[in-house]
Amino acid sequence: MRPFTALPPKVLASLVVVPVLVALVALAAPRWFAAMGLALVGVTVVGAALVAVEAGLRRRGRTPGSLAPLPRAAAWAWVVVAATLAWLCAPDLTVKDAGEVGAAAHGLGVPHPTGFPLVCLLGKAATLLPAGAAFFRLNLESALAMAAGATLAGVVSVLAFRHGRPDGDHPEFAPLLVGPVAFLAAAGPWLHAVTTEVYAVSAAGLAATIGAGTMAVARGDARWLVAGGFLVGLGAGGHVTWPLEGMVFLVLCSLVLGRRLGARVLAVVALAAATGAMVVVYLPVAAGRDPLLNWGDPSSWEALVAHLTGERIRRSFAAEMGTVSGAVLEVRVRLLGEILWRSSGLVWPLAFLGAATLVRGLPVVGAGLVAVASCDVAFAILVNPMGLYDLQTSVPLFWVVAVLAAAGTVWLWHQATRTRWLIGGVVAAALAFQFAWSPADRDLRDVSVPRRVISGFLEEAPALSSVLSSSDDLSAALIAAQAVEGARPDVLVLVRPHLADARAVARRVRASRAVVADDDLLRVAFGPDYPADAEAAQVALWPALASRGPLFVEVGDGEADRAVRSHLVPGFPAYRWVAETPDRVRVAEAADEAMRQALALRSSAERWGRSFLGAWVRLLGAHLALTGLDPDAIRVTEAALGLDPDDARTWHNLGVLHAGAGDLVHAVACLERAVRLDAGYARAWRALARYAGFAGRQDLETLAKERLRGLAGPAGP
């Protein structure tokens, strides 16, 4: 063989020029170079996958160039579901955690525990799509992910039902239609599919994990078990229900396969899970960059463990997690049952039939699905009961119901001979009625509440304004607009519950781009006497904030508002602080204008948006009552019920206001409505016991006192 140096000069020059040109392109346009590299890698992977599929089809004696019936039908089902969700998803920013998750994904930061690194990475990829505004792209990510989870509900039912039966013994299209429709008929999965949240990616990941375990059991193939292990580990980058409930399912599958495949396979599965869990390395790496959004700063080992285990959240909601009294447990079980009934009650007969079918045909899969559902019920009731009220839990539970309903439909179709079309019509009618009956806002194309709120506020805010925000809705939306779109960088937005985090305060101050005006704030934040309590930190920061420029405050329910309430002039969405105490006439006029602005947004709000507006108007009524304007407070609180008639706190406030005005009949009626809406609301029961006694309703007073004793159990309110 001739040596390399013996090549002709032209050949040597070309070998040198090509890498030099590639290096120059990489230096001149690194983003385009990286994008081209990723595209080439993607094309290579897809090409290799197609070659592998064709080779597999040839080995099975099938015609190359066409996919097997199930993958082809599943692909079409995903396209239809994804297109529907993408068409109806929100066009812009929404409330709740959308702003925080979107800003963290766009800036590769760290959102609230457990950090959700996989969601952030996929969200960053979604923001690079050439489709609409940045927040629409993030909503589109949820639509595509939830469509995958919904489609897998049908695929898993097919795989489980096929076990022990010849191919083609049942129609492929039935479960692939029933599964997604039954899943997305529920309000929770639908809302998370058309807005930015962490639950869509996690639902798809959990569905893929269960699908891999089902394939492993049905085919006796350990490679699918290893893939499931990797997905369980990868679940550490999503919502906690994905890895925990996926692990439960895979453990049951491993108990069946482990006897045949040996302990070495289980060791490989564990190694695959550890490999997938490496996604959490994103958190310390991202925190080390000191991004604008860096919740908890998990750059150290101790902070990383605390973030992954949700230590701050567990500490904040310790009274609502874990062991509770029997009365509290009864309330939560009843609430979860009502949510399940409204969102999936009409498909329960099919689900029960499907569970019986799978337990008899493929017991480990049927038992695994029941175990996943049981774990999700326990999580919703004992770990995150707060999510029951805003439909942020039970997505995996609805997915299991959809899988079982699809399996039950296939069994009915398989058993029927002359009545197949009658069965199909009954199932279709049940799904259609369930879809219409479920309390979900299906079409979010006109939702614009957060955009209109933050745009109006930022356009009118004077230079060097500061905002002290109480709710996640407002603070996340404002910070997201600044982080993603660069809107009004001179406006300083601080989250009141997080003011004790001096580094977070300093990060927000530096991002405000007003160094001269913010020197005092930085000195206070890094001073030796800076308090570790959020309310005390607010008091310490207040003089520097007031001297910086106009100061706006979003009022809340905490005691910290009482010290400054007399200096606040109502405004939407935040009150303005003034040095002099405003008179009542000015407060009443400003409150009327602010309420009018909030009520004008009702037509462009969905469920969560109306809840945000209703809570804001409710707090406005409470502010008026504490200011001594009780008649105005009653009128405003009644207006809040027009935005969110199912808010127990608003009914409680209205009952207390009527009692203060001497109308005990209306007071007791409002408080009864409050405890019907939330049977675990201890404050409403306490007020009902008091005012029912004044009204001569001794029976109701006795009932309320008994209920209070039940709620004040081992960990009750």
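## Arg223 and its partner

Let's start at the surface: Arg223 counts as exposed, at 66% relative accessibility. Keep in mind that the model is predicted. The side chain of Arg223 meets that of Asp221 in a salt bridge, with 2.8 Å from N to O. Asp221, for its part, counts as buried at 15% relative accessibility, because the cut-off for buried is under 20%. So this bridge joins an exposed arginine to a buried aspartate.

## Other salt bridges

There are 19 salt bridges in the model. Another one worth a look pairs Asp290 with Arg507, again with 2.8 Å between N and O. This pair links distant parts of the chain, 217 residues apart. Asp290 sits in the loop between helix 13 (282-288) and helix 14 (301-308), while Arg507 belongs to helix 24 (residues 502-511). As for their surroundings, Arg507 is buried, with just 7% relative accessible area, whereas Asp290 is partly exposed at 35%.

Then there's Arg586 with Glu580, whose side chains form a salt bridge at 3.7 Å, N to O. Here both ends get some exposure: Arg586 is partly exposed with a relative accessible area of 37%, and Glu580 also counts as partly exposed, at 45%. If you like networks, look at Asp92, Arg451 and Glu485, which are linked by salt bridges.

## Tryptophans edge to face

Now for the rings. The model has 8 aromatic pairs. One of them is Trp341 with Trp437: the ring centres are 5.6 Å apart and the planes stand at 85°, so this is an edge-to-face pair. The planes only need to be over 60 degrees apart to earn that label. Trp341 comes from helix 16 (residues 326-344) and Trp437 from helix 21 (residues 420-437), so the pair ties together parts of the chain that lie 96 residues apart in sequence. Both tryptophans are partly exposed, Trp341 at 41% relative accessibility and Trp437 at 32%. Add Trp348 and you have an aromatic cluster: Trp341, Trp348 and Trp437 belong to it together.

A second pair to look at is Trp542 with Trp577. Their ring centres lie 6.1 Å apart and their planes are at 75°, so this pair is edge-to-face too. This time a helix meets a strand: Trp542 lies in helix 26 (residues 534-548) and Trp577 in strand 5 (residues 575-577), so the contact ties together parts 35 residues apart in sequence. Trp542 is buried, with a relative accessible area of 11%. Trp577, at 22% relative accessibility, counts as partly exposed, because buried would need a value under 20%.

## One arginine, two rings

Finally, have a look at Arg442. Which rings does Arg442 lie over? One is Phe435, with Arg442 over its face at 3.8 Å from the ring centre. The other is Trp190, where Arg442 lies over the face at 4.9 Å from the ring centre.

How values were computed
Residues numbered from 1 in each chain as written. Predicted model: local features only at pLDDT ≥ 70, side-chain atom pairs only at ≥ 80, totals over all residues. Heavy atoms only, no water. Phe/Tyr/Trp six-rings, centres within 6.5 Å; stacked < 30°, edge-to-face > 60°. Helix = DSSP H or I, 4+ residues; strand = E, 2+ residues; numbered from the N terminus. Buried < 20%, exposed > 50% of the residue type's maximum accessible area, 1.4 Å probe, protein only. Lys NZ or Arg CZ within 6 Å of the ring centre and 35° of its normal. Salt bridge = Lys/Arg side-chain N within 4 Å of Asp/Glu carboxyl O.
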